[in-house]
Amino acid sequence: MSETKSKGYLPPDNNNSIFGDYLFMKNTTKIFLSVLISIGVIIFLYIYTTDSIKGPELADESTTTSLPTSTVINNEDLAGTSTTKQFKFPDGFDYVKVSFKNTGSQPFTFTINQGSITGAAKMSGTVPADGKEHTFFSEKAWPTGELYLNISSAHGMTGKLSLHLGNDLSIQ
């Protein structure tokens, strides 16, 4: 019987089959671990280079976030010598924008009162009879609750009224 010397795998025979299986498993394990480590390094390098190419993500300043607004009154006709509009100022809003278009012959006045028709005046003004839109904004954030918009003119009024709520002074 001739003896064959080889590195690594020995052909199985009755005398050295356990030893041959051991050498085969030892080499297979080394190959498997090498492949596994290589895959890990490739994944790490891919993630590292992909993130470094993109750079840090910055907020897109060209995108504007619109804050919630609510239209309480939209282009409602005004007529007569006086009118009162009651509305709720809910949580989630801070400011009021009221717009008038006086198409009559005489100016009219308005007041927004808190809590009742005669409550604390939160805003007031005079709207000239020039047919142009005049807009008034609250200067500070208002508390929640019932509000009353009182509009009056000694000579009768005609025109349009709009009232909006929002979270900043640029209420649409």
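Helices are DSSP runs of H or I with at least four residues, numbered from the N terminus. By that rule, L45 is placed in helix 1, residues 17-54. The model discussed here is predicted.

The protein contains one helix and six strands. Along the sequence, the order is α-β-β-β-β-β-β. Of the 172 residues in the protein, 24% are buried. The accessible surface comes to about 12100 Å². Carbon and sulfur atoms account for 57% of that surface. Contacts reach far along the chain. Among those between residues at least 6 apart in sequence, 76% join residues at least 24 apart.

A nonpolar patch was found on the surface. It is formed by F32, L33, L36, I37, V41, F44, L45 and Y48. Together these residues have about 870 Å² of accessible area. L45, one of the patch members, has a relative accessible area of 44%. L45 therefore counts as partly exposed, since that class lies between 20% and 50%.

The interior was examined next. The largest nonpolar core has 21 residues. Those with the most contacts inside this core are V98, F100, F110, I112, L149, I151 and L163. Two or more residues each come from strand 1, strand 2 (95-102), strand 3 (108-114), strand 4 (120-127) and strand 6. Strand 6 gives the most, with seven residues. The surroundings of I151 were listed without counting residues up to four places away in sequence. On that basis, I151 touches L78, T81, S82, T83, F100, F108, T109, F110, M157 and L161. Two of these partners, F100 and F110, are also among the core residues with the most contacts.

A search of the whole structure gave three salt bridges. In one of them, E76 pairs with K85, and the closest N and O atoms are 2.2 Å apart. E76 is partly exposed at 28% relative accessibility. K85 is also partly exposed, with a relative accessible area of 22%.

A further salt bridge joins the side chains of K160 and D77, at 2.5 Å from N to O. This pair links distant parts of the chain. K160 lies in strand 6 (residues 145-166) and D77 in strand 1 (residues 70-89), 83 residues apart. K160 is partly exposed, with 33% relative accessibility. D77 has a relative accessible area of 54%. D77 therefore counts as exposed, the cut-off being over 50%.

K88 and E146 form another salt bridge, with the closest N and O atoms 2.9 Å apart. K88 lies in strand 1 and E146 in strand 6, so the pair ties together parts that are 58 residues apart in sequence. K88 is exposed at 59% relative accessibility. E146 is partly exposed at 23%. Strands 1 and 6 are thus joined by the K88 pair and by the K160 pair. Both strands also give residues to the largest nonpolar core.

Backbone geometry singled out N75. Most residues other than glycine have a negative phi. Phi of N75, however, is near 55°, a positive value in a residue other than glycine. N75 lies in strand 1, as do the salt-bridge residues D77 and K88. At 49% relative accessibility, N75 counts as partly exposed, because the exposed class begins over 50%.

Terms used:
Residues are numbered from 1 along each chain as its sequence is written. This is a predicted model: local features need pLDDT of at least 70, side-chain atom pairs count only at pLDDT 80 or more; totals for chains, interfaces and linings use all residues. Side-chain values use heavy atoms; hydrogens and water are left out. Patches are made of residues with over 30% relative accessible area and no salt bridge: like charges are joined within 9 Å, nonpolar side chains (Val, Leu, Ile, Met, Phe, Trp, Tyr) within 5 Å. Accessible areas come from the Shrake-Rupley method with a 1.4 Å probe; for residues, only the protein chains shown count as cover. A salt bridge is a side-chain nitrogen of Lys or Arg within 4 Å of a carboxyl oxygen of Asp or Glu. Buried means under 20% relative accessible area, exposed over 50%, partly exposed in between (1.4 Å probe, protein chains only). Contact means heavy atoms within 4.5 Å. A nonpolar core is a set of buried Ala, Val, Leu, Ile, Met, Phe, Trp, Tyr and Cys residues joined through side-chain atoms within 4.5 Å.
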